[in-house]
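Colleague: I have a fold open here and would like to talk it through with you. Could you take me around it?

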Amino acid sequence: MHMEMRESPHNHPAVPGVPAVAAVPGVAAVPADEQRDQRDGTVQPEESGAGSRNRLLARDAISAAQDVLLERYRLASARTAFDLLRETSQRLNIKMHTLADAVVRVPGPVPGADLWFPGRGRSAPPPLPLLGIDQDRSVRLPEVLKAAMRRVLDVTETDMGNVQLAAGNGVLRLERHTGLDRQFTDFFAFVGSPDSATSCGYAAEQRRQVTVRDVSTADLFDEESRRVILRAGSRACHSVPLVDPHGVPLGMISSHHERPLNDFSAARIGALRETGTAVGRWLSWYRRTTVLDALEDLHRRASGAASAADPGAAPGPAAEDAGRRRTDGRTEGVRP
């Protein structure tokens, strides 16, 4: 499919080698979440199909993590693995799908080891003064995402937007939204699958900001996607990658606009880039601390459950490799 792309005159690198913004003469994007803002209470026929697809994708993520735990710890049943995930999620105050994604993504512990991450250092969270968050108190992920979305919407002067986080294999999962109807959020709950084409997915792939000037004329969308976006009241959007210190997107914030957009000024692009960099660094810290703390807790309790079920059992020979799986079949280390 042909999609004409044009660089904005305000192109400033967010990190070395990463262009900051590309303007698309007509693209839009995004997703779905646990907290649903609904403009329209009616249920459209396509919602049931999108909702079923999204529930299936969510179940697949949990199922993949269960399979890893079953193989690694020789647990008694898939139910035991599920209960361990759920209990750790509750104890460590981390979303279950975030924990499940990490179980699949992060290389597993050495078989039989007491600790998953021996000798792991700890660091303080990076400051977030742009978001008005006090560095001297602990903050949770939902608070950071809410403040980050508000910051982007203030800069872009709109009240519609959403936040997505990377869930592995190039997929973005909707975590938070405002001003978007349920049909939209259900339809775009997961972005990045082979059959989807969105500005947020393109921004993640290109590692730069992307402006969609007019959804109604964008070549990027099929007609169903275009209809869902326009029905939500979005005629244009702008996607801002949340990048780690290596420039890898860990998430995306997209603003949606009721009217077609012109290019943002260099000052606004710079403010959005600064926000994306700051929030991306915090997300990188969150992955290295909160998420790894949860994995360590899960490892301790799963090892205990395996020992209780079979005191003479040891992790199987495939246990070390089980944790190295990703949904795309490659390995991935724990990177800051």
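Modeller: One term is needed before we start: a residue is called buried when its relative accessible area is under 20%. Thr88 has a relative accessible area of 0%, so it is buried. Please keep in mind that this is a predicted model.

Colleague: Where is Thr88 placed, and what is it in contact with once its neighbours within four places in sequence are left aside?

Modeller: Thr88 lies in helix 2. With those sequence neighbours left aside, its contacts are Asn93, Ile94, Leu99, Ala294, Asp297, Leu298 and Arg301.

Colleague: Ala294 is on that list. Which helix is it in, and is it buried or exposed?

Modeller: Ala294 belongs to helix 8, which covers residues 266-309, and it counts as buried because its relative accessibility is 0%. Beyond its neighbours within four places in sequence, Ala294 is in contact with Thr88, Leu92, Ile94 and Leu99. The C-alpha atoms of Ala294 and Gln90 are 10.0 Å apart, although 204 residues separate the two along the chain.

Colleague: Back to helix 2, then. Which of its residues are buried?

Modeller: Ala81, Asp83, Leu84, Leu85, Thr88 and Ser89 are the buried residues of helix 2. As general background, an α-helix has 3.6 residues a turn, so residues three or four places apart point the same way.

Colleague: Take Leu84 from that set. What does it touch outside its neighbours within four places in sequence?

Modeller: Leu84 is in contact with Leu75, Leu298, Arg301, Ala302 and Ala305, leaving those neighbours aside. Its C-alpha atom is 9.0 Å from that of Ala305, while the two residues are 221 apart in sequence. Leu84 counts as buried because its relative accessibility is 6%.

Colleague: How does the end-to-end distance of helix 2 fit its 15 residues?

Modeller: It agrees with expectation, because the 15 residues of helix 2, 78-92, should span 21 Å at 1.5 Å a residue, and the end C-alpha atoms are 21 Å apart.

Colleague: And how do helix 2 and helix 3 cross?

Modeller: Their axes come within 9 Å and cross at roughly 120 degrees, helix 3 being residues 96-105. That angle makes helix 2 oblique to helix 3, and the crossing is right-handed. On the helix 2 side, Phe82, Leu85, Arg86, Thr88 and Ser89 take part, and they meet Met96, Leu99 and Val103 of helix 3.

Colleague: What about the backbone of Asn93, in the loop between helix 2 and helix 3?

Modeller: Most residues other than glycine have a negative phi. Asn93, which is not a glycine, has a positive phi of about 60 degrees, and this residue follows helix 2. With a relative accessible area of 43%, Asn93 is partly exposed.

Colleague: Which other residues have a positive phi, for instance in the loop between helix 1 and helix 2 or just after helix 6?

Modeller: Arg74 has a positive phi of about 50 degrees without being a glycine, and it sits in the loop between helix 1, residues 45-73, and helix 2. At 45% relative accessibility, Arg74 counts as partly exposed. Just after helix 6, Arg207 takes a positive phi of about 60 degrees.

Colleague: Since you mention helix 6, what covers its buried residues?

Modeller: The buried residues of helix 6, which is residues 199-206, are Ser199, Cys200, Tyr202, Ala203 and Ala204. Their cover includes strand 3 (160-166), strand 4 (172-178), strand 5 (190-191), strand 6 (209-212), strand 7 (236-243) and strand 8 (249-257).

Colleague: Cys200 makes me ask about disulfides: how many does a search of the whole structure find?

Modeller: The search finds zero disulfides. The closest cysteine sulfur to that of Cys200 is in Cys237, and at 7.5 Å it is too far for a bond, given that a disulfide needs the sulfur atoms within 2.5 Å. Cys200 is buried, with a relative accessible area of 0%, and Cys237 counts as buried at 0% relative accessibility.

Colleague: Last one, on the whole chain: how many helices and strands are there, and what share of the residues is buried?

Modeller: The chain has nine helices and eight strands, and 51% of its 336 residues count as buried. Among the contacts with a separation of 6 or more, 72% are between residues 24 or more positions apart.

Key. Residues numbered from 1 in each chain as written. Predicted model: local features only at pLDDT ≥ 70, side-chain atom pairs only at ≥ 80, totals over all residues. Heavy atoms only, no water. Helix = DSSP H or I, 4+ residues; strand = E, 2+ residues; numbered from the N terminus. Buried < 20%, exposed > 50% of the residue type's maximum accessible area, 1.4 Å probe, protein only. Contact = heavy atoms within 4.5 Å. Expected span 1.5 Å × (residues − 1). Axes fitted to C-alpha atoms, helices over the stretch in contact; angles between N-to-C directions. Parallel < 35°, antiparallel > 145°, perpendicular 65-115°, else oblique. Left-handed = near helix turned anticlockwise from the far one by under 90°.
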